[in-house]
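Me: I'd like to learn how to read a model like this one, feature by feature. Could you walk me through it?

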Amino acid sequence: MKRIVTLLLALSLLLCVAVSAQAEELVDGKFAETKHITVEIYDRGNDGGTDPTDNKFTDFIKQGMLEQHNVEVEYVKVPRWTETQEINNLLGTGSAPDICVTYDYPTILAYAGMDGVIDLNPYLTEYKDQLPNLYSLLGDYNIFYDQDPENGSVWAIEALLAERARINTFVRKDWLDKLGLPVPTTTQEFEDMLVAFRDNAELLLGDDAAHMVPYSTSYDIGWRNDHLLTSFVPDAVTDEELYINGFDDRHLLYPNYKEGVRLLNKWYNMGLIWKDFAVYGSGDTTEDNNIKAGFVGAFMHNWDYPFRGAEDSIHANLKRNVGEDAAYIAVECFQNDAGVYRKFLADSIDRKVFFPSTNDEPLASMLYLDFISSPEVVKYLQIGDEGVNHEVTADGGIATLTAVAPDIMNSGMNIDYTITINGLELFDEDLTNKSKALNYAEVEPAYVINALECSTHDGRTAAHYNLPAISSEEGMGTPLAEKRDQFLCQAVTAPEDQFDAVYDAGMADYLAAGGQAIIDERAEKLAALGE
Amino acid sequence: MKDIQPALSRQTPVTSGRMSWKQYMRRFGALYVMMLLPLVFFAVFRYAPMIYILQAFKQNNIIKPLFQIPWAKNHGMEWFIKAFKNRDFLYALRNTLTLNLLDLVIGFPAPIIMALVLNELTFKRFKRVTQTIVYLPHFLSWIIISGLALRLLAPNDGLINIVLANMGMEPIHFLDKPGNWVWTYVALGVWKECGWNTIIYLAALTGISPELYEAAAVDGAGRFRRIWHVTLPGLRPTIITLLIMNLGHILGSEFDRPYALSNKLVTSVSNTISIFVYQYGLRGSQFSLSTAVGLFQSVVGVFFLLGANKIASKFGERGVW
């Protein structure tokens with residue numbers, strides 16, 4: 001014990017020396033000699049996009065950093081859809097950029113356990129005065145969200161999720177009109193609507209009647225049916241229960257979830273759900289093509305899914321392929337036992353920003369985070385240049401325009417560059433709200449306003465408890481998520497009389513493979529917190 | 001070996017024993033210099049990295065230098081114990097064995113039969129065209145083939161099942177019923193690799209003296225007799241060698257083939273060791289565990305290779321070495 005204390009003291013002394021040595025270098029927030037840092041950037045490989053490491057927006061940041069802090073910024077691209085694997089490779093080979101970003105906190109924890117990640121706490125406290133923008137944008141809640149309550153270490157900063165909307169249920173408005181059906185407001189009405197779609201395939205699709213898909217979903221059952229599944233969770237569920245059963249981000253372990261899956265199984269066997277959904281994997285475009293071709297009556301997805309992508313959006317495609325009146329609208333129809341359209345919203349956290357131990361310029365990197373959190377920078381990155389990336393409407397709102405290279409934003413609102421925030425933030429609540437609905441080129445604002453309202457109405461955010469790391473979770477994220485998707489797919493597609501057997505066996509396997517250990521450890525640590 | 005020895009010594013009548021070391025090097029030195037580069041290659045890229053096998057016995061850490069990482073628990077055997085206690089690993093082991101055995105039983109004889117058939121074709125241009133067509137799939141990646149498989153074989157939207165449905169028949173669940181998936185997997189493997197593997201046999205066939213066929217024909221042997229008594233014995237050394245090599249891979253597993261062809265409904269038969277390593281090791285950051293599994297795989301593979309070789313030499317074949 002004595003030795004450890006001595007060691008810690010020596011280390012903190014060293015750190016102080018190192019930190020104070022650096023402190024002297026800063027004059028007016030500027031380094032005396034030019035520093036160089038590398039920053040991870042997602043590469044989406046979008047059609048007609050620019051090089052994510054070198055374009056008009058990176059030039060803006062690079063120039064600003066050089067002028068304000070005398071720091072040279074270099075971007076390193078990482079493919080968006082395989083980012084976790086890629087960042088693993090980079091960390092493992094010691095070649096990760098100085099500033100890394102990932103959605104996968106367990107990966108950061110795993111490397112922190114191998115001394116592969118820098119503890120940000122000393123820098124955050126020592127340099128608080130140099131980081132006004134970071135603190136004002138994120139607040140202590142996000143900055144110290146992942147702080148270890150025992151030793152105070154902060155392995156990552158949580159970016160701010162400014163837009164809390166998650167998921168929506170979409171139905172084809174023009175189909176409802178054609179069949180003279182009202183907008184569904186209960187689970188039963190939703191089911192009746194799907195049956196009507198199925199039975200009127202000839203009328204709705206003509207020669208393409210064989211392609212009729214009343215309700216579409218994917219292998220990601222939990223996400224793609226979220227509103228339905230969580231409507232089966234009792235309204236009286238406590239925050240403690242939600243935390244203890246909250247490891248899975250699809251809410252698999254929430255009470256009574258199984259009954260929601262049972263309903264999906266019933267619908268599947270009634271021929272209401274796309275028959276082949278389970279054989280297509282992540283990134284396959286078959287389902288999107290079905291939706292764009294106008295074959296799909298209803299589906300659940302990200303709250304703004306049909307509106308994303310301007311000319312290539314589902315919304316624009318439907319207009320071209322089917323007709324002017326063809327469109328999806330967001331609806332609310334799944335009430336819980338208290339009659340509330342409850343949705344479980346995400347906490348205000350988004351991507352996790354961390355510095356690998358190979359980062360030799362933690363202070364310069366901190367200043368980078370502060371720079372991109374400043375209101376002017378966030379604003380410019382999110383809306384770009386007037387007349388090119390956006391126009392100002394008569395009532396002062398900011399409307400997004402379709403831009404092409406070299407002015408194109410490779411990600412909506414340049415979210416890939418604003419790594420400390422996700423969601424429109426114009427630092428004027430009224431302006432932000434007004435502009436949100438104008439944020440989708442080619443889409444009428446009314447659709448977006450309705451979608452935003454439906455997605456967040458009656459939302460509930462589970463409480464956050466600052467507990468020590470749950471060791472049984474280490475490395476289990478992917479294997480358990482795989483198991484979840486597998487058995488949910490198998491349960492939904494099972495014959496109705498085998499549903500219980502398939503679901504129970506799958507759940508038992510999930511729990512035995514590590515799920516139960518996580519639940520137990522969470523319960524134990526939560527109980528210890530209360531003592 | 002015995003009948004080869006005299007032939008060799010006839011070609012090189014002066015043995016090293018009678019030569020001085022200097023003379024020997026002057027005569028054969030160039031050969032050793034030529035050997036140097038491949039030897040360095042193997043030493044640097046094949047043998048030196050093996051030191052990282054130690055990771056299997058060490059704590060999970062890939063940031064620290066290997067020798068500074070402390071040993072794993074249970075005398076370094078922690079990860080092996082963990083793997084064998086993991087049901088997913090045991091299923092993966094079973095699936096790997098099943099799929100590889102089926103591949104061996106069905107996929108191994110296929111190119112031999114194909115080579116025999118091609119060899120019997122008298123119309124040479126047709127033979128050449130056929131040969132080219134059957135080996136082309138070898139150059140497609142499994143990702144492309146899995147895409148093709150989905151378009152053709154999907155339970156309701158696949159071309160074949162659309163045709164079946166139009167003929168009033170029930171769809172065949174090629175991809176979404178575990179039992180059928182295994183056969184689809186094996187059949188696609190044969191389709192992809194059969195033609196390519198035929199090349200080796202066709203090459204061996206050219207080495208069989210035409211005189212043997214003529215002699216057999218004079219003795220009144222028909223086509224099948226000639227295949228049985230001349231062609232197949234001529235291919236035997238090649239077949240045995242390839243069989244032994246294949247047995248060495250019995251526990252080895254490709255990653256892209258099961259991963260690309262699999263879907264959520266058939267994981268009970270499609271999760272192989274390579275997928276286990278990918279999910280737990282690479283994506284779950286458990287590098288020591290996956291190294292341990294890889295080491296286990298290799299050791300079993302070596303035993304199969306040695307065993308098969310031994311059996312082969314017992315039956316009077318030369319084996320691989």
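Me: Let's begin with the open sheet of four strands that includes β7 of chain A: in what order do the strands lie, and what is the pairing?

Reply: Happy to help, and please keep in mind that this is a predicted model. To read a sheet, list its strands from one edge to the other, then look at their directions. Here the order is β8-β9-β7-β10 in chain A, and the pairing is mixed. The edges are β8 (213–216) and β10 (328–331) of chain A; each has a single partner strand, so one side of each lacks a neighbour in the sheet. From one strand to the next, the twist averages 25°.

Me: In what sense do β7 and β10 of chain A pair, and over how many bridges?

Reply: β7 (residues 167–172) of chain A pairs with β10(A) in the antiparallel sense, over four bridges. For a place to look, take F170(A), whose bridge partner in β10(A) is A330(A).

Me: Which helix lies across β7, β8 and β9 of chain A?

Reply: That is α8 of chain A, residues 187–199. Its direction is about 135° to β8(A).

Me: Now the sheet with β12 in it: what is the strand order there?

Reply: This open sheet of four strands in chain A reads β5-β12-β6-β15, with mixed pairing. At its edges stand β5 (100–102) and β15 (421–422) of chain A, and since each has a single partner strand, one side of each is left without a neighbour in the sheet. Further in, β6 (residues 157–161) and β12 (residues 349–354) of chain A run antiparallel and are joined by three bridges. I157(A) is a good residue to select, as its bridge partner in β12(A) is V353(A).

Me: How many helices and strands does each chain have?

Reply: Chain A has 21 helices and 16 strands, while chain B has 15 helices and zero strands.

Me: And how should I read the radius of gyration of chain A?

Reply: Set it beside the value the globule rule gives for a chain of that length. For the 531 residues of chain A the rule gives 24 Å and the model has 25 Å, so chain A is as compact as a globular protein of that length. Its C-alpha atoms fill a box of roughly 75 × 60 × 40 Å along the principal axes. For chain B, a compact globule of 321 residues would be near 20 Å, but chain B has 25 Å. The box for the C-alpha atoms of chain B is roughly 65 × 65 × 35 Å.

Me: With helices in chain B, how do I read a packed pair, say α14 and α15: at what angle do they cross?

Reply: Look at the distance between the axes, then the angle, then the handedness. The axes of α14(B) and α15(B) (residues 287–314) come within 8 Å and cross at roughly 165°. An angle over 145 degrees counts as roughly antiparallel, and that is why α14(B) is described as roughly antiparallel to α15(B). The crossing is left-handed. Among the residues in contact are F276(B) and Y280(B) of α14(B), with V293(B) and Q297(B) of α15(B). By class, this contact has seven nonpolar, four polar and no charged residues.

Me: What is the handedness where α5 and α9 of chain B cross?

Reply: That crossing is right-handed. The axes of α5 (residues 109–120) and α9 (residues 178–206) of chain B come within 7 Å and cross at roughly 55°, and α5(B) and α9(B) are therefore oblique to each other. M114(B) and L118(B) are among the α5(B) residues in the contact, and Y201(B) and L202(B) are among those of α9(B). The classes here are 11 nonpolar, four polar and no charged residues.

Me: How many residues does each chain give to the contact between A and B?

Reply: Chain B gives 24 and chain A gives 30. On the side of chain B, α4 (87–107) and α14 (273–282) are the elements that give two or more residues. The largest share, three residues, comes from α14(B). That side of chain B divides into nine nonpolar, eight polar and seven charged residues.

Me: Finally, which peptide bond is cis, and where is its proline found?

Reply: As background, most peptide bonds are trans. The bond from A405(A) to P406(A) is cis, with omega near 5°. P406(A) is found in the loop between β14 (398–400) and β15 of chain A.

Note on methods: Residues numbered from 1 in each chain as written. Chains lettered and ligands numbered in written order. Predicted model: local features only at pLDDT ≥ 70, side-chain atom pairs only at ≥ 80, totals over all residues. Pairing = 2+ DSSP bridges. Contact = placed C-beta atoms within 7 Å. Nonpolar A, V, L, I, M, F, W, Y, C, P; charged D, E, K, R; others polar. Axes fitted to C-alpha atoms, helices over the stretch in contact; angles between N-to-C directions. Parallel < 35°, antiparallel > 145°, perpendicular 65-115°, else oblique. Left-handed = near helix turned anticlockwise from the far one by under 90°. Rg over C-alpha atoms; globule rule 2.2 N^0.38 Å.
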